[in-house]
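Visitor: I am new to this structure and should be grateful for a close look at a single part of it. Please begin when the model is shown.

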Amino acid sequence: MAWFQSSNRKVQLPAQTRPVLDDDERIANDDEDAESLKLTPTDSNVTEDQNRDPFMGVKVRRKASFHRNYIGDYLDVPSRPYLMKILEKQGDKKVLFADKVLKFTSTGKMKRRILLITDFAVYIVDPDIDALKRRISLAAVEKLCLSELSDNFLAIIIPTEYDLLIASTRKTEIVSVLVDATRSQSDYELEVLLSNRFEYNATSELVKEIDFEETEEGARTRIVRK
């Protein structure tokens, strides 16, 4: 069981329970201002039944998200030699998750990146130049931060380095993969914090705060310097 902590209470993630996201979700567009983003969910936002929801009803989810299965490798990594070369160089072989995401830079810009998760590490790859930009050991990850609303943001907190803020339509699958991988490699239960306001280190010396607000149009997100 992994602990999920909201601003009001903690809940636990049952082992092997995996929620899914619907195909209609969209991550933030490249031309939007990263300092003030508004993500518009579908009209069918609901809070999932707690017996099926690993977030135990704390996080608002989309109705269609009940009906999509996890795939894990959405990029067919074995067919991409440059990705295989990166993994082989690091000694990693087992890919648990692979997909394109948006990564937020320290200046608030959004960059398209490939996110790879193996049983030992998280990789951020630049698909334009086929280059590894960052490798994060799973052992270095302290917790994951998400809002309680229907949005696509996920912060991976790494105290010994600096944190990683991404947007992905498959955020829930990423969370489940990271929790399961950490559990299988150690006795450590990765904490997942659910809050509509949290801080993250954009660099080792730059702290930012991300605020989520529910509006009639959808979830509004604002990122500010601390």
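Are tyrosine 74 and phenylalanine 97 buried or exposed? Please take this pair as the part to examine, and then place it in its surroundings.

Guide: Both tyrosine 74 and phenylalanine 97 are buried. The model in view is a predicted one, and what follows should be read in that light.

The two rings form an aromatic pair with an edge-to-face arrangement, 5.9 Å from centre to centre and with 65° between the planes. Tyrosine 74 belongs to the loop between β5 (60–62) and α1 (81–90), whereas phenylalanine 97 belongs to strand β6, so the pair ties together parts that are 23 residues apart in sequence. The ring of tyrosine 74 has a further partner: arginine 170 lies over its face, at 3.6 Å from the ring centre.

Phenylalanine 97 also leads towards the interior. Among the residues that isoleucine 174 touches, leaving aside those up to four places away in sequence, is Phe97; the others are Leu115, Ile117, Leu154, Ile166 and Ser168. Isoleucine 174 is in turn one of the residues that touch the most other members of the largest nonpolar core, a set of 27 residues; Leu115, Leu144, Leu154, Ile156 and Leu178 share that standing. Several elements each supply at least two residues of this core: the strands β6 (95–104), β7 (110–118), β8 (121–126), β10 (143–146), β11 (153–157), β12 (164–167) and β13 (191–194), together with α2 (171–185). Of these, α2 gives the most, with 6 residues. A second core, separate from this one, has 19 residues and includes Leu149, Ala155, Ala167 and Ile223. Such groupings agree with a broader pattern: in soluble globular proteins, nonpolar side chains tend to be buried together.

The pair with which we began is one of 4 aromatic pairs in the structure. Strand β6 takes part in another, in which phenylalanine 104 of that strand is linked with phenylalanine 153 of strand β11, 49 residues apart. The ring centres of phenylalanine 104 and phenylalanine 153 are 5.4 Å apart and the planes stand at 35°, so this pair counts as tilted. Phenylalanine 104 has a relative accessibility of 6% and therefore counts as buried. Phenylalanine 153, with a relative accessible area of 0%, is buried as well. These two residues belong to one aromatic cluster with Phe198 and Phe212.

Arginine 170 over tyrosine 74 has a counterpart elsewhere in the chain: the charged end of arginine 134 sits over the ring of tyrosine 162, 3.7 Å from its centre. Arginine 134 is found in strand β9 (residues 131–137). Its relative accessible area is 8%, so arginine 134 is buried. Its side chain makes a polar contact of 3.1 Å with the side chain of glutamate 161. Beyond the residues up to four places away in sequence, arginine 134 touches Val122, Tyr123, Ile124, Ile158, Glu161, Tyr162, Asp163 and Leu164.

Arginine 135 lies in strand β9 too, but arginine 135 is partly exposed, with a relative accessible area of 30%. The side chain of arginine 135 is joined to that of tyrosine 123 by a polar contact of 2.9 Å. Residues touched by arginine 135, not counting those up to four places away in sequence, are Gln90, Asp92, Phe120, Ala121, Val122 and Tyr123. One of them, alanine 121, is 14 residues from arginine 135 in sequence, and the two C-alpha atoms are 6.6 Å apart in space.

Lysine 208, in strand β15 (residues 207–215), is another buried residue, at 2% relative accessibility. A polar atom of the side chain of lysine 208 lies 2.9 Å from the backbone oxygen of serine 106.

The setting of these details is the whole chain. Its secondary structure comes to 2 helices and 16 strands. Of its 226 residues, 53% count as buried. Among contacts with a separation of 6 or more, 56% are between residues 24 or more positions apart. The chain exposes about 11,000 Å², of which carbon and sulfur atoms supply 43%.

Technical notes:
Residues numbered from 1 in each chain as written. Predicted model: local features only at pLDDT ≥ 70, side-chain atom pairs only at ≥ 80, totals over all residues. Heavy atoms only, no water. Helix = DSSP H or I, 4+ residues; strand = E, 2+ residues; numbered from the N terminus. Buried < 20%, exposed > 50% of the residue type's maximum accessible area, 1.4 Å probe, protein only. Polar contact = N/O pair within 3.5 Å; in protein donor to acceptor, adjacent residues only side chain to side chain. Contact = heavy atoms within 4.5 Å. Core = buried A, V, L, I, M, F, W, Y, C linked by side-chain atoms within 4.5 Å. Areas by Shrake-Rupley, 256 points an atom, 1.4 Å probe, with all protein chains shown as cover. Phe/Tyr/Trp six-rings, centres within 6.5 Å; stacked < 30°, edge-to-face > 60°. Lys NZ or Arg CZ within 6 Å of the ring centre and 35° of its normal.
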